[in-house]
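Please open the model in your viewer with the sequence panel beside it, and keep the selection tool ready. The tour goes from one selection to the next and says what is to be found at each stop.

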Amino acid sequence: MKVQEQFINECENAVRKALASLGAPEDLKIVREVPENADLAIPCFTFAKALKMPPVAIAEKVAESIEVPCGLIAGLTALNGYLNFTVDNNALLSDVLSEISTRGADFGKSAPTGIRVNVEHTSTNPTGPVHVGRARNPIIGDTLARCLKMRGHDVTTEYYVNDVGKQVVMMSWGVANVTPEEVQKEIEETEKADDRDKVDHRLVFNYRVANKKVHGIPEMEAQIADMVQKFEAGDQATIDHVKKVAETMLGGINETLAAINVTLDRYTWESTFLANGAAKEIVRKLQNTPYSGQTEDGASFVDLKDFGIHGKNTKFTFTRADGTTLYTTRDLAYHEDKFSRSDRVIDVLGEDQKLGSQQLCSALEIMGRKEKPEALFYAFVSLPEGRMSTRKGVVVYLDDLIDEATDRAYEEIKKRRNDLSEEKMQAIARAIGVGAVRYNIVRVGADKQLIFKWEEALSFDGNSGPYLQYVHARACSILRKAGDYQKDTDGSKLTDEYEVRLAKILARFESVLKDIDETKRVNMMPAYGHEVASAFNQFYAAVPILQAGDSTNARITLVECTKHVLHNVLVCLGLEPIEEM
């Protein structure tokens, strides 16, 4: 927003000039905040050391030296060490109405930056469906990618497919050697077994039977060990066989991701770094550093005690005793590959991978890499209440969560809108159910534990996805009733406190995206969306819109602006912007 940027610059310049008159250095950092009782606040606590004065006295002296109104600054008060500025409402509101109504769905989108950002997320092992506990990974990763794209960055989302190792080999062996009868028996013996006709759910039983079948049988265990050895030696036939099964499983995982509006741009297979020799090159690089050593049995490691890692975790092993590489080795090759095609590399990881990420960064530094991946860690989701909590002995999958959310949404829609066709109700229920899951999972800070509660997720009047979708649909309904109207961007016609507050909140959308870009805190987007929706409902309840005399067109234009902002918030969150509910 041009007026908002100008207002901020005017506030900062006025403060700098006042601080200079008090003897402050020119490079003194100014911090900005958005308080409830003003449009911009500048705390004076950071100036106290340089000026050798208490913050309250600094604020009072600065406020006395700035004459207002001046430019876009309509008011200024000093309170408890803060400088609280208010903006010229008419100028700001006119700018908000003009820019948002003109740019429409493009509002908030920045010009291309040319910055290549790689966001790796999900990357679950292709040996089973996505577990509900890790549902945060694809949702956080996809939401972050959407926000970064809105910021103008060239974003690539990526899935690192772990097709190397005993688990995946066991899966492929199970597909080739487990009979349909054995699979059926396993299904029947599993309490409340998963009978979903989906490839990743079916193949998991091959994996379970294979584990039982091989255990304690030397010749079968030898077959698995031989396959693992051939795979890691780069035997193409073995790699192709295992990869084919992993691709089949990945197809089912991708169906789940598509159901929650998550798509990925690129898939990188771990086996690539065995086949192309990149993993061996990592071994060579690490062995040629002064930090390299060998265990008594011949395994290679680098010592990380000089890199802030202590205790038993200082030895970062990168080959086994027989010289074969480990996941950690191939992960280093993968990150070198990502750095070769990206300016920023972001890894969305479970909180259980903090040590591994730290070790990886240290190993990259040892190899001379200046770049480091930006890790975004998340805590796991606790099992939701309801029928799924009774499924003893069966892992709860993301598919289960999606289905139950859709079923619950359908029952709610059926109670509210019996005038809709069955097809329409099902479509709306799906959109609301998926939105409820995505919003409820991303609204809590990634580092905080999340207990999924249905009454929160599916609330139509609380901090939820359905609430945002409902308010967006309400704005669309008002615009339909308004029909053809003349856009009015005259901010002086919006004087009620609720419409002024709404317009100012809409103006902050771009700054929220900027903050997410800088911090990766995607929970800021649902918090902002809820703020917009709540402000709109207060505005809707406080003043007439379609019959407001000279203010009618300006208020309808404000509704249109709200609709555009909510639409883009929903897009960033991966929720469908429903126009009717």
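Select Pro-55 to begin, a residue that lies in helix 3, where helices are DSSP runs of H or I with at least four residues, strands are runs of E with at least two, and both are numbered from the N terminus. Pro-55 counts as buried because its relative accessibility is 18%; buried means under 20% relative accessible area, exposed means over 50%, and partly exposed lies in between, with a 1.4 Å probe and protein chains only. Leaving out residues up to four places away in sequence, Pro-55 touches Cys-44, Phe-45, Ala-48 and Gly-81, a contact being heavy atoms within 4.5 Å. A C-alpha to C-alpha distance drawn from Pro-55 to Leu-79 should read 9.9 Å, for two residues that are 24 apart in sequence.

This is a predicted model, in which local features need pLDDT of at least 70 and side-chain atom pairs count only at pLDDT 80 or more, while totals for chains, interfaces and linings use all residues. Residues are numbered from 1 along each chain as its sequence is written, and side-chain values use heavy atoms, with hydrogens and water left out.

Next, select Lys-52, in the loop between helix 2 (48-51) and helix 3. Its phi is near 55 degrees, a positive value in a residue other than glycine, and Lys-52 counts as exposed because its relative accessibility is 74%. Most residues other than glycine have a negative phi, and most peptide bonds are trans. For the second part of that statement, move to Val-68 and Pro-69, which are joined by a cis peptide bond with omega at about 0 degrees. Pro-69 is placed in the loop between helix 3 (55-65) and strand 2 (73-79). Another positive phi, of about 65 degrees, belongs to Asn-261, which is not a glycine. Asn-261 is found in the loop between helix 10 (236-259) and strand 6 (266-269), and counts as partly exposed because its relative accessibility is 32%.

Go back towards the start of the chain and select Val-3, which has its place in helix 1 (residues 2-21) and is buried, with a relative accessible area of 14%. What does Val-3 touch, not counting residues up to four places away in sequence? The list is Leu-72, Ala-91, Leu-92 and Asp-95. Now show helix 1 together with helix 4 (residues 89-103): their axes come within 8 Å and cross at roughly 145 degrees. Lys-2, Val-3 and Gln-4 of helix 1 make the contact with Ala-91, Leu-92, Asp-95 and Glu-99 of helix 4. The axes are lines fitted to C-alpha atoms, for helices over the stretch in contact, and the angles run from 0 to 180 degrees between N-to-C directions.

For the aromatic rings, select Tyr-378 and Phe-380. Their ring centres are 5.7 Å apart and their planes stand at 85 degrees, so the pair is edge-to-face; rings of Phe, Tyr and Trp (its six-membered ring) pair if their centres lie within 6.5 Å, and planes under 30 degrees apart count as stacked, over 60 as edge-to-face and the rest as tilted. Tyr-378 is buried at a relative accessible area of 1%, whereas Phe-380 is partly exposed at 23%. The structure holds 11 aromatic pairs, and Tyr-160, Phe-273, Tyr-327 and Tyr-334 form one aromatic cluster.

Then select Phe-301 in strand 8 (residues 300-303), which is buried with a relative accessible area of 9%. Apart from neighbours within four places in sequence, Phe-301 is in contact with a set of residues that includes Tyr-291, Gly-293, Lys-315, Phe-316 and Phe-318. The C-alpha atoms of Phe-301 and Lys-424 are separated by 60 Å, with their positions 123 residues apart along the chain.

Finally, zoom out to the protein chain, which has 22 helices and 13 strands. Colour domain 1 (2-87), domain 2 (116-382) and domain 3 (398-573) separately; these bounds come from an automatic or database domain assignment. The centres of domain 1 and domain 3, taken over C-alpha atoms, are separated by 34 Å. Along the principal axes, the C-alpha atoms fill a box of roughly 85 × 70 × 35 Å, and buried residues make up 54% of the 581 residues.
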